[in-house]
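Biologist: Could you take me slowly through one part of this model, the sheet, and explain how its strands are arranged and what packs against them?

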Amino acid sequence: MDELHKIARAYYTTANEESKSQGRRFFNSIDHDSNRRITIQEYLPYMKRNGHTKMANRPFFEYLNESRTGQLEFMEVMTLFYIIKSGRKFCDGCDGLLKGTFFSCTDCFDLDDESFNLCSECFTESSYVHPHKHFLDNYIILENMKVALAEREQEIRKMEAAMANHGVQNAGASDAIVLYNQRSRSSVFATVFQAVATAATAFSACTIM
């Protein structure tokens, strides 16, 4: 079973009843004739109508159809539901679904509508056209974001404690904390990328490999 199918099955199996109900409603919205099977004729119009154009094609339908019956069963549609709801990206090099580890342009990462992502193959072979050259894989970004966010929260707690100790009650000081807490993601990402760049430099200097 494909990894995404396993993930979708795990989420559905362990979901609460409300979440499962959302999955069933999603399935029923595609199942035009209510026969508990989704044909390509039902699938394509739904995907196009709802703006999922990258997945509105027969090859993607066949990828979902692990049972190879020519019709999507309920759990196969739950894989589609998971892909849509989780916001899975497509490779900007080959246009394939990014199923596992992928590489993101760090210069574009803070721009939700303009992110640039590559599968391992396209990144390794430089099979893409893009003005920026700085990429990190999604695992490194996630792990370092956790560290940067934790450090940010620690700084906020220190500021609040210092204000409390000095009896600061004025609105200006409160606004300062709000502004600090609502900084753009780019400030956090800058910390992330700086930490990763340092690690990468150290790795490249290693003589073991």
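Modeller: Two strands are said to pair if DSSP finds at least two bridges between them, and strands themselves are DSSP runs of at least two residues, numbered from the N terminus. With that in mind, and remembering that this is a predicted model, we can begin with the sheet as a whole: three strands form an open sheet in the order S2-S1-S3, and their pairing is antiparallel. The edge strands are S2, covering 117-119, and S3, covering 135-137, each of which pairs on one side only. From one strand to the next, the twist averages 30°.

Looking now at one of these pairings, strand S1, made of residues 102-105, runs antiparallel to S3 and is joined to S3 by three bridges. A particular pair of residues can be picked out here, since Cys 105 has Phe 135 in S3 as its bridge partner. Helix H7, which spans residues 138-165, packs on this sheet and touches both S1 and S3, and the direction of the helix makes about 80° with that of S3.

Elsewhere in the model, and as a setting for the sheet, UniProt lists residues 18-53 as "domain: EF-hand" in an unreviewed entry. That span is 64% helix and 0% strand, and its end C-alpha atoms lie 28 Å apart. There is also the second largest pocket, which has a volume of about 260 Å³ and is lined by 16 residues, with Lys 54, Gly 87, Arg 88, Lys 89 and Phe 90 lying nearest its centre. The lining of this pocket divides into five nonpolar, six polar and five charged residues.

Methods: Residues numbered from 1 in each chain as written. Predicted model: local features only at pLDDT ≥ 70, side-chain atom pairs only at ≥ 80, totals over all residues. Heavy atoms only, no water. UniProt positions renumbered as here; feature names shortened; annotations may be inferred. Helix = DSSP H or I, 4+ residues; strand = E, 2+ residues; numbered from the N terminus. 1 Å grid on protein atoms, 1.4 Å probe; cavity = no way out; pocket = protein on both sides within 12 Å on 5 of 7 lines; lining within 4 Å. Points joined across faces, edges and corners; volume = space filled by probe spheres on them. Nonpolar A, V, L, I, M, F, W, Y, C, P; charged D, E, K, R; others polar. Axes fitted to C-alpha atoms, helices over the stretch in contact; angles between N-to-C directions. Contact = heavy atoms within 4.5 Å.
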